[in-house]
Amino acid sequence: MFSKILIANRGEIAVRIMRTAKEMGIGTVAVYSDADRKALHVLSADEAVYIGPSNPLESYLDADKIIDAAKVTKAQAIHPGYGFLSENAQFAEKTAANGLTFIGPKGDVMARLGDKIEARKLAQQSGVPTVPGRIVAETDEKELFEFCEQAGYPVLIKAAAGGGGKGMRVVRKPDELLSAARQASNEALGAFGNGAIFIEKYLERPRHVEIQVLADHHGNVVHLFERECSIQRRHQKIIEEAPCPVMDPELRERMGRAAVDLVRDAGYENAGTVEFLLDEDRNFYFLEVNTRLQVEHPITEAITGLDLVKLQLEIASGAKLPFKQKDLTLRGHAFECRIYAENPEENFMPAPGKIMFSQHPEGPGVRMDSGVYAGFTVPVQYDPILAKLVTSAQDRNAAIDRMIRALKETVVLGAGTSLEYMADVLNSQEFRDGNTHTGFLDEHFPGWTASHEGDDLALIGFAARRLLEARGLQTFQPEESPTDEPLPWASLDAGELAEQAGYTGAIDAFEG
Ligand code: ADP
């Protein structure tokens, strides 16, 4: 096993990876940019290496700087987390060429699976169903129109190199097809350096269902069941659950086998996810492979009792998978809510700021993976995810009730969040009934507005902390801030803030 690893990432995922490393007795190295001098992942690591300006191109996306940081600190392996360089095949290859272990698949396998057109072909070769579609460069115009007619409009144009909901375009009428294809290809060329596109049938009300896989270097491949991630805004997930509410053992077995066959045939190693769409007639279609740890991996950990990061580290160090498919069972139900600094009333616009106060939920079946702390200014340069809240319980309804309770216990002052929005979604009858699909939020929650009911609670939480401090009781302090400056919230006056916000009654009630 490694004695020291470098985590080429920031925020909650870097902190999460370090936690497992610590449990395994492995030293941790963080990298950080200017904006992250006081970030939680820096405070959480054994060592930290400055890698440059806040612009990610000059720091978290600079492969050479990261590899140098690993060499200088004598780290033996690099964990890429998700986002940034995690799906960059050249980075994986460069890491290996420098005598370091990349905690993930080999570069050539990653490159093949990372290209949606190549991955589609691989899936077809492995007998995995794909969404009916045509590769634009390999299809003549007449056939393209015939395909779209047959599939029925709208159809979806996708970029081979697309990701994170980017590079997709809906075409509603035949006379828009060619111009849309041209524009999509140009956009993809500009954004990803690869203009290859394909056209797919646009499925009606599908569920997004994905299979977690693990493959070691000895030919063993297993799946850890499924996650449903249909609750999306702008084709990006915000609430996920495991298992999928409409899954049955037979369908799970077929989807699991499809995912395992595909990654085995591709020569994949380490943890990965095969994404599918599941239609209303329970047909499933391959979407793509994510060649890394997913944001939503904790819900799989909750229902399997496994630590995916530990397994990733063991696989990367050459160990055999410690179990076979038949040894794996799932238990209970889990949800994840992604807590982004964003405003659901303004089309989920990022709303980062300085976190003045934060209170984490606690109690049975609650897990919070956070990347921030009170006093930290959330940088505008990066993905605005603050934390992930995970609840698990014996069944789906109990896990929903627990999530709503935990969301209400959560307080974040200083940045906009979707806490109240997500509680409303979970509490809706349609959601409770499990009638989820990828258009769920657009269908049921357009023009949602906050009731501001949570504000009193937030303020009371804030005031409570100030009162505790005033009474000399110890509260959490980040271990040490690198510059030893006082934390910004320390100078805030809760009473003043309350008065400004017209909440003196709440504070009085608390003090009384
Ligand atoms: P990305 O790599 O950008 O995340 P994906 O191919 O994984 O793109 O798709 C992301 C989401 O877009 C899916 O979860 C789904 O909501 C929607 N989507 C993708 N393909 C289709 C399709 N053929 N029909 C309907 N929705 C789709």
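Is Lys326 buried or exposed? Lys326 is exposed, with a relative accessible area of 70%. I come back to its salt bridge below; here are my notes in order.

1. A word on the model. Please keep in mind as you read that this is a predicted model.

2. The ligand and its shell. The ligand is surrounded by 21 residues, and the closest of these are Lys116, Gly165, Glu200, Gln232 and Glu288. By residue class, the shell divides into seven nonpolar, seven polar and seven charged residues.

3. Polar contacts to the ligand. Three pairs caught my eye. Glu288 places a polar side-chain atom 2.7 Å from an oxygen atom of the ligand. On the nitrogen side, a polar side-chain atom of Lys158 lies 2.9 Å from a ligand nitrogen. Lys201 takes part through its backbone, with a polar atom there 2.9 Å from a nitrogen atom of the ligand. As for cover, the ligand taken alone exposes 550 Å², and the protein buries 96% of that.

4. Where the shell comes from. Five elements each give two or more residues to the shell around the ligand: β7 (155–163), β8 (166–171), β9 (197–201), β13 (270–278) and β14 (284–290). Of the shell, β7 supplies the largest share, three residues.

5. Helix α1. This helix covers residues 11–23, 13 residues in total. From first C-alpha to last, α1 reaches 19 Å, close to the 18 Å expected at 1.5 Å a residue. Since 10 of its 13 residues are buried, α1 is largely enclosed by the rest of the structure. Those buried residues are Gly11, Glu12, Ile13, Ala14, Val15, Arg16, Ile17, Met18, Thr20 and Ala21; charged Glu12 and Arg16 are among them. After the helix comes Gly25, with a positive phi near 75°.

6. A salt bridge between strands. The count of salt bridges comes to 39. One of them pairs Glu47 with Lys4, whose closest N and O atoms are 2.6 Å apart. This pair links distant parts of the chain, with Glu47 in strand β3 (residues 47–52) and Lys4 in strand β1 (residues 4–7), 43 residues apart. The two partners fall into separate accessibility classes: Glu47 counts as partly exposed because its relative accessibility is 31%, whereas Lys4, at 18%, counts as buried. The cut-off for buried is under 20% relative accessible area.

7. A salt bridge within a helix. Lys310 and Glu314 meet through their side chains, at 3.5 Å from N to O. Why are Lys310 and Glu314 separated by about one helical turn? They are four residues apart in helix α11 (residues 308–316), so about one turn lies between them. Lys310 is partly exposed, with a relative accessible area of 36%.

8. Back to Lys326. Side chains of opposite charge can pair when their charged atoms come close. Here Lys326 forms a salt bridge with Asp327, and the closest N and O atoms are 3.7 Å apart. While Lys326 is exposed at 70%, Asp327 is partly exposed, with a relative accessible area of 44%.

9. A salt-bridge network. Elsewhere, salt bridges that share partners join Glu210, Arg227, Lys237, Glu240, Glu275, Glu296, Glu336 and Arg338 into one network.

Notes. Residues are numbered from 1 along each chain as its sequence is written. This is a predicted model: local features need pLDDT of at least 70, side-chain atom pairs count only at pLDDT 80 or more; totals for chains, interfaces and linings use all residues. Side-chain values use heavy atoms; hydrogens and water are left out. A residue is near a molecule or strand if one of its heavy atoms lies within 4 Å of it. A polar contact is a pair of N or O atoms within 3.5 Å; within protein, one must be able to donate a hydrogen and the other to accept it, and residues adjacent in sequence count only if both atoms are side-chain atoms. Accessible areas come from the Shrake-Rupley method with a 1.4 Å probe; for residues, only the protein chains shown count as cover. The expected span of a helix is 1.5 Å times one less than its number of residues. Buried means under 20% relative accessible area, exposed over 50%, partly exposed in between (1.4 Å probe, protein chains only). A salt bridge is a side-chain nitrogen of Lys or Arg within 4 Å of a carboxyl oxygen of Asp or Glu.
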